[in-house]
Structure formats: C-alpha cells, structure tokens
Amino acid sequence: MPAASPSRRSRAASHLLIAALCAILGFGIIVQVQRISDGDSLATARPQDLVVILDGLQRRSADLTSEIAELQATLTTLKSGGATSAAALAEAQRRAQTLAILAGTATAVGPGVQMTIADPGSAIPPEVLLAALQELRNAGAEAVQVGAVRVGVDSAFTGTNGQISLDGVQLTAPYKIMAIGDPPTLTAAMNIPGGVSDTVRRATGTIEITPSDRVVVDALRPLRSNTYAQPAGG
C-alpha cells in the first residue's frame, strides 16, 4: 500500500484538530448551558437576598434539629417502662397528621405567601409555574396549592403557553398559588434576580406576592393504594 502523501497527512491532521476543537467548544457550551439552566442565580443574587435565604436555611436546620430532639424524647418515653398504649396512640396520631399534610390528604394552615400570576398575553409556559414550585420547595414550603389542585410529590405541569394543566386539571389565569412556610424566605425565593418574578415579567405577565400570617391550603389529593410498595419491618 502506498504511503500517504504529506499533503494528505496534513489534511487528516487538520480534520482531527478541527474535530477536537469542535468537541471542546461543544463541551464548553454544554457546561455553560447547564450552569445557566441550573439557575445558578445565587451567583447573581443580591447580598440581602442571600442573607434572607441563608436565614431561612438556618431556621429550617433549627426546626429539623428540634424535631429530631422531639422524636428522640418520644422514643425514650415509649421505650420506658411507663409507656402506655395511650401515649403510643397519641404519638401515632400526631405522626399520621404530619404525614397526611405531606401527602396532601389533610387541610393545612399556617404562615406563608399567596401569589397571583397574571398572564394577559397567554405567554407564560408551564415551565414558569414549575420553576415557582421548585423555588417554593427549596425555600421550605411545606404545603402548596395551585388553583384548586393540591401539589403532591408526583405533581406535574403540562400544556403550552397560556394553556397549563396541573395533574390533568386545566388551570385558569390568573394563576393563584398558596404556600405554607416562612413568609420572608418564600418571598425572597420568588424575587431572586433572574428567577421566577423576572421570568414572569419577561413573558409580559405580572406577579403579586403577599406574605400572610395565615394561609389555608384546603385542596386535597385523593388517597391511593400502593400496588407494590409495602412498609418494611414493623
């Protein structure tokens, strides 16, 4: 087989170099897009917003620490010789109520925010409401209702701009969202620069966020029976 000429080897090397540069450029673009899509908005957040978010995280950490201590105390009580069936029943009922709120099968009330997102141009896509829900969850929202639909762990926004459904239920603008959690933290999460509020305004919509000492989340999710998953142990 005749040896490749120097010019052919040079062209092949050039093609390989171009391919490598394209791969590096593509990788860089993907990384940049992922950073943007991940909403690395904290990097551009104002110091006062970061302080509020940090305060919310610290408060959430303190709540969880308190809950752990409470559960440990309850466990000690139930294990002690003085434990009674009444104490065990009361604890079981308390835990059942907590789980019912998390599952969306019980009405919840507490401090939080009420939001109204107007969409006069029917330009707001489902992704905006999903982003709002994710920000609320990240900010510690414990119960959320959008319109007449209680949000659950498997909730999904579908549809197109101005025609949004939640769990198969058609939503009607203006979209009303009620969330229970720490009001300042939830409000700050919605107002992070480049976040939900800015996205709504870019879509020619408006957003109104009202902190409140008493928000009622009364929409309920239907009870479901598990087909495969069963409690382990016990």
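What follows is a chat about how the labels on this predicted model are earned.

Me: Before the details, what is in the protein, and how many helices and strands are there?
Reply: The protein has 6 helices and 8 strands. Going along the sequence, the pattern reads α-α-α-β-α-β-β-β-β-β-β-α-α-β. Of its 234 residues, 29% are buried.

Me: Why is T187 called buried?
Reply: Buried means under 20% relative accessible area. T187 has a relative accessible area of 17%, so T187 is buried.

Me: Where does T187 sit, and what does T187 touch?
Reply: T187 lies in helix α5. Setting aside neighbours within four places in sequence, T187 is in contact with V113, I209 and P211.

Me: What makes the link between T187 and P183 a polar contact?
Reply: A polar contact needs a pair of N or O atoms within 3.5 Å, one able to donate a hydrogen and the other to accept it. The side chain of T187 reaches the backbone oxygen of P183 at 2.8 Å. That distance is within 3.5 Å, so the pair passes the distance cut-off.

Me: And what makes α5 "mostly covered"?
Reply: You count the buried residues: 7 of the 8 residues in α5 are buried. They are P183, T185, L186, T187, A188, A189 and M190.

Me: Why is S122 called partly exposed?
Reply: Partly exposed is the zone between buried, under 20%, and exposed, over 50%. S122 has a relative accessible area of 42%, so S122 belongs in that zone. S122 lies in the loop between β1 and α4. The phi of S122 is near 50°, a positive value in a residue other than glycine.

Me: How do you know that D167 is partly exposed?
Reply: Use the cut-offs of 20% and 50% again. D167 comes out at 31%, so D167 is partly exposed. D167 lies in the loop between β5 and β6, and its phi is positive too, near 55°.

Me: Which residue in the hairpin of β4 and β5 takes a positive phi?
Reply: G162 does, with a phi near 75°. That hairpin has 2 residues between its strands.

Me: How do you know that β4 and β5 are paired?
Reply: Strands pair if there are at least two bridges between them. Strand β4 (residues 157–160) and strand β5 (residues 163–166) are joined by 4 bridges, so they pair. The two run antiparallel, and T158 stands opposite S165 in β5.

Me: What about β2 and β3: how many bridges join them?
Reply: There are 2 bridges between β2 (residues 143–146) and β3, and the strands run antiparallel. The cut-off is at least two, so this counts as a pair. Q145 stands opposite R150 in β3.

Me: Which strands make up the open sheet, and what makes a strand an edge strand?
Reply: The open sheet has 5 strands in the order β3-β2-β7-β1-β8, with antiparallel pairing. An edge strand pairs on one side only, and that holds for β3 (149–150) and β8 (206–217).

Me: Which helices lie on those strands?
Reply: Helix α4 (residues 126–138) lies across β1 (108–118), β2 and β7 (175–180), running at about 10° to β7. Helix α5 (residues 183–190) packs on the sheet and touches β1, β7 and β8. The direction of α5 makes about 20° with that of β1.

Me: Which residues touch the most other members in the largest nonpolar core?
Reply: M115, I117, L136, V144, L171 and I177 do, in a core of 30 residues. Among the elements supplying at least two residues each are β1, β2 and β7. α4 gives the most, with 5 residues.

Me: What is L136 in contact with?
Reply: Leaving aside neighbours within four places in sequence, L136 is in contact with V113, M115, A141, V144, I177, A179, L186 and M190.

Me: Which residues belong to the second core?
Reply: That separate core has 6 residues, including A108, A143, I180 and V217.

Me: One last thing: where is the cis peptide bond, and what is its omega?
Reply: The cis bond joins A173 and P174, with omega about 0°. P174 lies in the loop between β6 (169–170) and β7.

Methods
Residues numbered from 1 in each chain as written. Predicted model: local features only at pLDDT ≥ 70, side-chain atom pairs only at ≥ 80, totals over all residues. Heavy atoms only, no water. Buried < 20%, exposed > 50% of the residue type's maximum accessible area, 1.4 Å probe, protein only. Contact = heavy atoms within 4.5 Å. Axes fitted to C-alpha atoms, helices over the stretch in contact; angles between N-to-C directions. Core = buried A, V, L, I, M, F, W, Y, C linked by side-chain atoms within 4.5 Å.
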